[in-house]
Amino acid sequence: MTTTYNQTTDLTIDHHVDAKGLKCPMPVIKLQQQVRNTRPGKMIEIICTDPGAEKDISSWCKVNKHQIVVINQNKEGCTIVIEVKERK
């Protein structure tokens with residue numbers, strides 16, 4: 001499923017991960033599973049309600065060299081869009 005994400009720029013979201021209601025470390029694990037099945041250059045949106053998910057996903061992306069494109073906070077949690085980078 002591909003959707004357009006309207007923020008400061010239009011992004012094409014190639015994959016969605018629903019991590020609502022999941023606690024650490026499950027949002028990161030679900031994201032990692034999707035990244036393994038996603039080609040470099042594609043965008044993944046993950047929706048999280050765990051308050052620590054933003055920090056955990058940011059750290060995971062830094063270690064694994066993926067790019068965080070957008071982080072949106074809302075009253076339920078956050079939505080994060082990452083760009084999958086080439087695996088070395």
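**Helix H2 and the salt bridges**

Aspartate 18 has a relative accessibility of 45% and therefore counts as partly exposed. I begin with this residue, and I should state at once that the model before us is predicted. The side chain of aspartate 18 forms a salt bridge with that of lysine 20, at 3.7 Å from N to O. Lysine 20 is likewise partly exposed, its relative accessible area being 46%.

How many salt bridges does a search of the whole structure find? The search returns two. Besides the pair just described, glutamate 83 and lysine 85 meet through their side chains, with an N to O distance of 3.5 Å. Lysine 85 is partly exposed, at a relative accessible area of 29%.

I turn now to helix H2. This helix comprises twelve residues, 53-64, and spans 16 Å from its first C-alpha to its last, close to the 16 Å expected at 1.5 Å a residue.

Which residues of H2 are buried? They are Ala53, Ile57, Trp60 and Cys61. These residues lie on the same side of H2, because they cover an arc of only 100° around the axis. The general background is that an α-helix has 3.6 residues a turn, so residues three or four places apart point the same way.

The cover over the buried residues of H2 includes helix H1 (26-36), together with strands S4 (43-48), S5 (67-74) and S6 (77-83). On the face turned away from the buried side, H2 carries the exposed residues Lys55, Lys62 and Val63.

Finally, I note what follows the helix: after H2 comes lysine 65, which has a positive phi, near 65°.

Key: Residues numbered from 1 in each chain as written. Predicted model: local features only at pLDDT ≥ 70, side-chain atom pairs only at ≥ 80, totals over all residues. Heavy atoms only, no water. Helix = DSSP H or I, 4+ residues; strand = E, 2+ residues; numbered from the N terminus. Expected span 1.5 Å × (residues − 1). Buried < 20%, exposed > 50% of the residue type's maximum accessible area, 1.4 Å probe, protein only. Arc of directions from axis to C-beta. Contact = heavy atoms within 4.5 Å. Salt bridge = Lys/Arg side-chain N within 4 Å of Asp/Glu carboxyl O.
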